[in-house]
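These are my notes from a session with one model. I wanted to look at one helix, its surroundings and a loop beside it.

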Amino acid sequence: MRFAIVILLVLGLGGWMLHLTTPDGPPGKLGSTVKVAAIQCPSRLGDVQYNRAHLTRLIERANENGAQIVVLPETAITGYLSQDLKRNWHVSGRPIDDAFTGVDPKPFAETVPGESTRHFCALADRLNLYLTIPLLEVEEGRYHNTVCLAAPDGKLVAHYRKLTPWPHPEQSWATPGDRGVQTYDTEYGRVGLAICFDIHTILDSYKEHDLWALLYPIAWVDESHPTLWFRQLLPHRVKQYGHHLIGANWSVEQEQDWAGYGYSTIIDAYGNILAQAETRVGDEIIYAELDYTLGSE
C-alpha cells in the first residue's frame, strides 16, 4: 500500500510537522493528486479592507507552496463575530441574544458580484487556482452568509448561500439560502460548497451529486473543547459520504475564553485526517495531496 506523505506547514507561529497516513481505501494512480490548502486565520469584524489584504497575502503564500485549491474561513472577508464574541451583526427588527452588542451590517455587506468577488476572482486568475470567497452578502435588503468559488481563469463559477444559519448568532441577521446546493466540475472532480452549521444536514443533499470534495468554510463555536468534533465526529461523518473535505476554520489574534477556534482539517474520502492545524492563534495554512481518481473509470 502506498503511503501518502502530507506536509503540514505552520505559518505565523513558525515550525512544521511531517504527518504520515495510511489511507483505508485503495491508492490512486501515480501522480494523480492535487495539492490543496485550508487557510486558518482571524478576521476583524467589519474591517473589510484589512481582511481582504490579509487574506490576499495568505493566499499568495499558499500558492507559492503549490496549492491549486484554497479554502478560507466562514465570512472571512467581512467577519463573522468579534473575536471576543461580544459584537454581532444585527438587522433592525430581528431578535438578538442579550450576550451581543449589535452592529449594522449595511455598511459592510457586499453584493455578488461586487468588490470582493472581483478582487478575489482576479487573484485566482493571477495565481491560476481555485479559491473560495466567503463574505456577508446583501441582496434587496436581505443578508446572506455566502461563499463563492473562483476558477483559475478568474470566473465566478459557484455562488452558495448558507442553507442553515446557526440560530444563536445568525438569527439577528442571516436569511437562509435560496440557491440550494452548489457544485462545479473542476478538472479534478466535482466540488460542492457548504458553510459551518450546514454540515449537520447538507451532506445528504449532496449525496446524489457524487462529489469529489466539499469546500467547507467554518467559524466554529463550542461549549467544550472541539477536538472530539474535529478529530472524531467530523471524519466519521465524511467517511460515510465518500468524498474529501477541505475545512478552513477561523482563529483569533490572541487567546480567548471560549472554545471552537482552530483545528482546521483536511479529510480524505475514507475518513482519514490528512492534515490538521496545530495552532489556534494567528495564521496557519495546512496542506494535503488529494487523490483525484475517485469515481474515475
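Entry 1. I began with burial along helix H1 in this predicted model. The buried residues of H1 are Val48, Asn51, Arg52, His54, Leu55, Thr56, Leu58, Ile59, Ala62 and Asn63. I then looked up what covers them. The cover includes helix H2 and four strands: E3 (33–40), E4 (69–71), E7 (130–139) and E16 (284–291).

Entry 2. I checked the length of H1. The helix has 17 residues, and the distance from its first C-alpha to its last is 24 Å. That is close to the 24 Å expected at 1.5 Å a residue. Just after H1, I noted that Gly66 has a positive phi of about 95°.

Entry 3. I turned to the pairing of H1 with H2. H1 spans residues 48–64 and H2 spans residues 115–127. Their axes come within 11 Å and cross at roughly 15°. Angles under 35 degrees count as roughly parallel, so I recorded H1 and H2 as roughly parallel to each other. The crossing of H1 past H2 is right-handed.

Entry 4. I listed the residues that make this contact. From H1 they are Val48, Gln49, Arg52, Leu55, Thr56, Ile59, Glu60 and Asn63. From H2 they are Glu115, Ser116, His119, Phe120, Leu123, Arg126 and Leu127. By class, I entered six nonpolar, five polar and four charged residues for the contact of H1 with H2. Val48, Arg52, Leu55, Thr56, Ile59 and Asn63 in the H1 part of the contact also appear in my list of buried residues from H1.

Entry 5. I moved to the loop between E3 and H1, where Ser43 lies. Is Ser43 buried or exposed? Its relative accessibility is 14%, and buried means under 20%, so I entered Ser43 as buried. Leaving aside neighbours within four places in sequence, I found Ser43 in contact with Asn51, Ala76, Gly79 and Gln83. Asn51 is one of the buried residues of H1. I also looked up Ser43 and Pro73, which are 30 residues apart along the chain. Their C-alpha atoms are separated by 8.9 Å.

Entry 6. I finished with totals for the protein chain. I noted five helices and 16 strands. Of the 297 residues, 57% are buried. Among contacts between residues at least 6 apart in sequence, 65% join residues at least 24 apart.

Definitions and conventions
Residues numbered from 1 in each chain as written. Predicted model: local features only at pLDDT ≥ 70, side-chain atom pairs only at ≥ 80, totals over all residues. Heavy atoms only, no water. Axes fitted to C-alpha atoms, helices over the stretch in contact; angles between N-to-C directions. Helix = DSSP H or I, 4+ residues; strand = E, 2+ residues; numbered from the N terminus. Parallel < 35°, antiparallel > 145°, perpendicular 65-115°, else oblique. Left-handed = near helix turned anticlockwise from the far one by under 90°. Contact = heavy atoms within 4.5 Å. Nonpolar A, V, L, I, M, F, W, Y, C, P; charged D, E, K, R; others polar. Expected span 1.5 Å × (residues − 1). Buried < 20%, exposed > 50% of the residue type's maximum accessible area, 1.4 Å probe, protein only.
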